[in-house]
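Visitor: Could you take me through one part of this model up close, and then show me how it fits with the rest? I'm happy with one long answer.

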Amino acid sequence: MQVYMDNNATTMVDPQVVEVMLPYFSEKYGNPNSIHKFGTASHPAIAKAIDQMYTGINAADSDDIIFTSSATESNNWLLQSTWVDQILNGDKNHIVTTEVEHPSVLSTCKFLEDQGVKVTYLPVNDQGIVEAHTVKSFITDKTALVSIMWASNETGMIFPIKEIGEICKEKGVLFHSDAVQAVGKIPVDVQDVHIDFMSMSAHKFHGPKGVGALYIKDSQKLSPLMHGGEQMNGRRSGTLNVPYIVGMGEAMELATKDIESKMTAIRTKRDRLEDALLELSDTFTIGERDNRTPNTLLISIRGVEGEGMLWDLNNGLIGASTGSACASEDLEANSVMLAIGADHELAHTGIRLSLSRFTTDEEVDYVIDHFKAAVLRLRGISSSYAKVQPTPGGEATECAI
Amino acid sequence: MAKNDLLGGSLWDQYSDKVTTLMNNPKNQGEITEEEAAANGNKLIVADFGAESCGDAVRLYWEVNPENDLIVEAKFKSFGCGTAIASSDMMVELCRGKTVAEAVKITNIDVEVALRDTPDVPAVPPQKMHCSVMAYDVIKKAAGLYMGVDAESFEEEIIVCECARVSLGTLQEVIKLNDLKTVEEITDYTKAGGFCKSCIKPGGHEDREYYLVDILADVRREMDEEKMKAAADAGVGGDFKAMTMVQRIKAIDAVIDESVRQFLIMDGGNMEVIDVKDADPYIDIYIRYLGACNSCASSTTGTLYAIESTLKEKLSQDIRVLPI
């Protein structure tokens, strides 16, 4: 058996999604901008995908949902064009975001700082979320935008988007949320919350990679990032990626239809897995379960370094993820875990398991067994569990990092 | 950046088979107790390096024969990734059977080389080289404990890049000799900064005492100063056209002080250099007469001609002197 438990990184494309995509590669391949019948042949499917997207997040007809190449593009577009529209060509100079955003938000904000924009990176509390009153206290009359993720990819923790939206509305500040980890996992209703812009990615909810979207409330002004043709009503140029758009729409419908019962099913498995792993001594998970996306758990295992743990899980054909310094290509400690600030060790002992609606009970059982065996083996090697103490003077000095 | 860099990842695929095997089944992991060592009449040394909060920690156990300082048995415990565990295991293997003095000479590079499957292929990818450094540090710590000296006393020089073991002295020398201008060039020449990258600039995986960017800036500054000093020393004899503006003014002043000013002063006058301008192919030197020179008839003829020809002779034939 092999088990994929890294669904916050990406998901399997639902075979039903693949099926609806296939005709748009070699059968109905016309450019939707062409006026001949080859071009218009794909229009019904694109229209359906648009409907599926609007229904999935309950967008109003007066809103825009623009397909992009990825949520990274959506985030870059929103941030860079807000800079152009509100700061370069406006009287604002400030953006509020958090320390724990996805790199496509953080790196773009750093880039904007280099261009002279003031950026406030809000800290998170011990639950790993930003509190609404914190957001409120940092908004000034020069603030152009507040950009805060809907749910964390690392912890699954859900941010108080409704409250933050109200604050932004009251203060008259634009509000954007990177909802990549929320859409398709929990109910997202853009008419229930006040939100101006929202980024989404298909491959996080069993759609294909390489397609994302940006929701724009009331079709409000936002200069394009991609200049060129007149696609998407001139908002995003580039020939429409028809099969992927069709796939994203289908994936959205499959993920959001009857979402409550899907959530319950995933949550039941996640909770069973979490309870079983917490039977191990010296372990804890991050964040209140009830305020997490139902598929995610981040567990700290004392004495077991994250990459070592991933290694053993991988030997058992289990795909998981870690925020450990050692596992990332650039050797940097996990910023989200450090931002939580509860314990520095966590940044090196955290393992994230993220389930999907395709995860089975058998897979959960398999992971429980292998996970426990890996912890046993690695703690057997671990200096943290060694009995013989260092010769006086041989103790390690605390970490200087 | 090029074709081979486009697809990152595959970290574990770059591990040698030895690293993989030792991670899966470390041969030398375990503990040695005080009782076990004492039973053989030996001394137990236990040293820690690193911490869980750093992401890597290792505990090294040595059973040493006090008669001949021989490490008769060695074990380790490790909190770390595959590279950390495998390199700890190999480090212990290399220590066993050596005297403490011999063991101190084992470096992280020795450990890495011993982990290779084939001599020319690194055992771990560059960014994991860092994980083997701890194996080296913990040996120094254990040896220091056994000998009753500070672990740092085993370091003969300041090591800037621990992964590639490149010293401050080597870096300074290589930058100077090869006229290196960028950190990338330093890495190409010395391998320093090519592994975990902590030593390149602040903000990396580890805080360091010395950073390549600072060393490069310092050495470059030193080199510039030396160049300027050389130019100044060369003074009158140097290539006037190649000098910087400040060097030119200094050279002009030097010539005037030496060969012109005293004659003007004798007549109750003086002069000062106002400006130097490139007027290709000429170099125009603007001067102002002071004191008696202002009213002197020869100031625009004979005296001017004398000043100009002196500067032409000493500095450059393209000089024109213009009084204002």
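**Around helix α10 of chain A**

Guide: Let's start with helix α10 (residues 259–277) of chain A, which lies across β9, β10 and β13 (350–354) of chain A and runs at about 5 degrees to β10(A). Keep in mind that you're looking at a predicted model.

The strands under that helix belong to an open sheet of 4 strands in chain A, ordered β9-β10-β13-β12, with antiparallel pairing. At the edges stand β9 (283–285) and β12 (321–322) of chain A; each has a single partner strand, so one side of each is left without a neighbour in the sheet. Zoom in on β9(A) and you'll find 3 bridges joining it to strand β10 (residues 296–301) of chain A, with the two running antiparallel. For a handy landmark in that pair, pick F284(A), which stands opposite S300(A) in β10(A).

Now step back along the chain from the helix. D258(A) sits in the loop between α9 (242–256) and α10 of chain A. D258(A) isn't a glycine, yet its phi is positive, about 55 degrees. Most residues other than glycine have a negative phi, which makes this a fair spot to check if you care about backbone torsions. That loop also brings us to the domain assignment for chain A, which gives domain 1 (15–256) and domain 2 (259–382). Taken over C-alpha atoms, the centres of domain 1 of chain A and domain 2 of chain A are separated by 28 Å. Where the two meet, 20 residues of domain 1 of chain A are in contact with 21 residues of domain 2 of chain A. On the domain 1 side, the touching residues come to 9 nonpolar, 7 polar and 4 charged.

Over in the other sheet of interest, chain A has 7 strands in an open arrangement, in the order β2-β8-β7-β6-β5-β3-β4, and the pairing is mixed. Its edge strands are β2 (64–68) and β4 (118–122) of chain A, each pairing on one side only. From one strand to the next, the twist averages 20 degrees.

Take the β2(A) edge to begin with. Here 5 bridges join β2(A) to strand β8 (residues 212–216) of chain A, and the two run antiparallel. Within that pair, I65(A) is opposite Y215(A) in β8(A). This sheet has a helix packed on it as well: α6 (residues 103–114) of chain A touches β3 (94–98), β4, β5 (143–147) and β6 (174–178) of chain A, and its direction makes about 150 degrees with that of β3(A).

At the β4(A) edge, β3(A) and β4(A) pair in the parallel sense over 5 bridges. One of the matched positions there is H94(A), whose bridge partner in β4(A) is K118(A). The chain gets from β3(A) to β4(A) by way of α6(A), and this β-α-β crossover is right-handed.

Next, the partner chain. 33 residues of chain A are in contact with 38 residues of chain B. On the chain A side, the largest share comes from helix α11 (residues 306–315) of chain A, with 3 residues. By class, that side of chain A has 13 nonpolar, 12 polar and 8 charged residues.

Chain B itself is divided into domain 1 (1–155), domain 2 (156–233) and domain 3 (240–323). The C-alpha centres of domain 1 of chain B and domain 2 of chain B are 28 Å apart. Between them, 8 residues of domain 1 of chain B are in contact with 11 residues of domain 2 of chain B. The domain 1 side of that contact has 4 nonpolar residues, 3 polar and 1 charged.

Chain B has a backbone detail of its own. A cis peptide bond joins D280(B) and P281(B), with omega at about 5 degrees. P281(B) lies in the loop between β6 (269–279) and β7 (282–291) of chain B.

Finally, the confidence scores. Chain A averages a pLDDT of 93, and 93% of its residues score at least 70. Over residues 324–332 of chain A, though, the pLDDT is below 50, and beyond near neighbours in sequence this stretch has 32 contacts in the model. For chain B the average pLDDT is 87, with 97% of the residues scoring at least 70. As for the complex, the predictor gives an ipTM of 0.86 and a pTM of 0.80.

Note on methods
Residues numbered from 1 in each chain as written. Chains lettered and ligands numbered in written order. Predicted model: local features only at pLDDT ≥ 70, side-chain atom pairs only at ≥ 80, totals over all residues. Domains from an automatic or database assignment. Contact = placed C-beta atoms within 7 Å. Nonpolar A, V, L, I, M, F, W, Y, C, P; charged D, E, K, R; others polar. Pairing = 2+ DSSP bridges. Axes fitted to C-alpha atoms, helices over the stretch in contact; angles between N-to-C directions. Right-handed = clockwise from strand over helix to strand, strands pointing away. pLDDT = per-residue confidence, 0-100.
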